[in-house]
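Visitor: I should like to understand how the descriptive terms applied to this model are justified. Could we take them one at a time?

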Amino acid sequence: MGGAFPRRRTSSTASGGTFHQADVRPSLCIVNYNGAAFLRPTLEAAVTRRDRFHEILLVDNGSDDESLVIAGEFAGVRVIALDENRGASAVRNAALRHAGSDLVLLLDSDVRLAPECADTLVAALTARNAAIAMPRVLYESAPGTVQYAGADWHFIGLQIIEPRDLPDAELSNRIRGIGSVITACCLVDRTKVGSAPFDEDFFIYLEDHDFGVRARMHGYEVLSVPAARCFHNEGTPGLSIRALGTYSSRRVFCLIRNRWQFIAKNYAGRTLLVLAPLFAFYEAAQFGMVLRKGWFGEWVRALGWMGRHAPRVLARRRELQSARVATDAELMRGGEIPFREELTAGSIERKAQATLNGVVTAYWRFAGRLI
């Protein structure tokens with residue numbers, strides 16, 4: 001089901017150590033599910049720079065729209081078509097397996113590369129021998145605004161996405177290490193992360209957070225490279241909050257379940273013990289939100305899934321904990337809970353969020369020293 005990293009090498013070898021920008025071009029792997037509305041400009045931007053890539057590969061996740069017809073319009077684009085929608089994790093694993101280069105630029109089908117993006121990511125990743133590098137992501141509809149340029153690990157089990165909605169001119173081009181990754185566009189060194197590093201049990205949502213955190217746990221560097229730019233459109237139809245304006249049922253189910261999976265797999269035993277009182281408080285608050293929003297069915301489904309799959313989740317936990325080289329204390333961050341504003345639309349919900357943020361922030365001041 002994916003999710004396993006190879007054991008870390010202790011030294012560079014001919015098959016898995018250091019790349020040199022002069023002699024290695026990445027495979028561009030565009031992952032797609034029903035992305036026909038945005039796919040053409042993504043492919044047009046890619047093929048105009050085809051000399052910068054080892055190959056251009058489109059991996060389709062069982063689309064039932066015109067995606068494959070559109071891909072056929074572009075000569076030199078190799079298509080891998082999965083027979084059904086297996087989720088974001090599975091399609092990215094398929095892209096990594098089929099790529100002809102060990103440097104793989106993963107790109108969602110609604111993301112358009114700026115001309116310099118791939119070269120800038122390759123230069124940064126190879127110079128620091130990192131495992132993953134992500135660019136500055138701008139809104140396609142508002143190219144002067146940064147959607148995000150990095151991610152980190154909030155100790156409550158969620159992904160911190162930053163900066164959010166910052167004017168493009170205000171963001172520095174400084175390369176920095178980050179604690180997680182957003183995979184709408186990212187360059188991956190397959191010799192470090194392997195050919196199936198995404199946990200397919202996540203299906204979608206937080207799967208990239210899990211991937212980035214585990215890379216850091218294995219001792220690899222994950223980079224934000226803001227000088228590299230790309231432009232993000234509206235997202236997957238039927239799932240994107242920007243397109244829908246609200247949370248879909250699948251999104252609610254996956255976010256609840258996947259946060260529980262993430263915690264069960266990745267947190268050290270000591271961390272779980274220290275955070276147990278706060279987790280109990282947080283889960284009670286989350287359950288109240290579930291009831292208020294009418295999401296009880298999704299919560300029950302998530303709980304049932306965790307119960308049925310507990311042995312598999314715990315087996316992956318044992319594998320990860322035995323291989324990790326970085327501690328939770330080195331990787332976690334505190335601060336306010338990274339909720340989307342769409343989750344707290346009413347005054348009662350905003351007051352509840354403020355109270356929860358106050359409790360979580362205060363608890364971290366104490367717990368952060370004990371982890």
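Guide: In this predicted model, the largest nonpolar core has 66 residues, and Leu28, Leu105, Leu113 and Ile132 touch the most other members. Helix H4 (residues 117-128) supplies the largest share of this core, six residues. A second, separate core of 27 residues includes Ile263, Leu275, Phe279 and Leu331.

Visitor: With which residues is Leu105 in contact, neighbours within four places in sequence left aside?

Guide: Among them are Pro26, Ser27, Leu28, Phe53, Leu113, Leu121 and Cys186. Contact here requires heavy atoms within 4.5 Å.

Visitor: Why is Phe296 called partly exposed?

Guide: The relative accessible area of Phe296 is 42%. Buried means under 20% and exposed means over 50%, with partly exposed in between; Phe296, at 42%, is therefore partly exposed. Phe296 is found in helix H10 (residues 296-323).

Visitor: What makes Phe296 eligible for a surface patch?

Guide: Patch residues need over 30% relative accessible area, and Phe296 has 42%. Together with Leu291 and Val300, Phe296 forms a nonpolar patch with about 270 Å² of accessible area.

Visitor: How do you know that strands E8 and E9 pair?

Guide: Pairing requires at least two bridges, and E8 (residues 150-154) and E9 share four, in the antiparallel sense. Trp153 stands opposite Gln159 in E9.

Visitor: Why are E9 and E14 described as standing at the edges?

Guide: The open sheet has the order E9-E8-E14, with mixed pairing. E9 (159-162) and E14 (332-333) each have a single partner strand, so one side of each is left without a neighbour in the sheet.

Terms used. Residues are numbered from 1 along each chain as its sequence is written. This is a predicted model: local features need pLDDT of at least 70, side-chain atom pairs count only at pLDDT 80 or more; totals for chains, interfaces and linings use all residues. Side-chain values use heavy atoms; hydrogens and water are left out. Patches are made of residues with over 30% relative accessible area and no salt bridge: like charges are joined within 9 Å, nonpolar side chains (Val, Leu, Ile, Met, Phe, Trp, Tyr) within 5 Å. Accessible areas come from the Shrake-Rupley method with a 1.4 Å probe; for residues, only the protein chains shown count as cover. A salt bridge is a side-chain nitrogen of Lys or Arg within 4 Å of a carboxyl oxygen of Asp or Glu. Helices (H or I, at least four residues) and strands (E, at least two) are DSSP runs, numbered from the N terminus. Buried means under 20% relative accessible area, exposed over 50%, partly exposed in between (1.4 Å probe, protein chains only). A nonpolar core is a set of buried Ala, Val, Leu, Ile, Met, Phe, Trp, Tyr and Cys residues joined through side-chain atoms within 4.5 Å.
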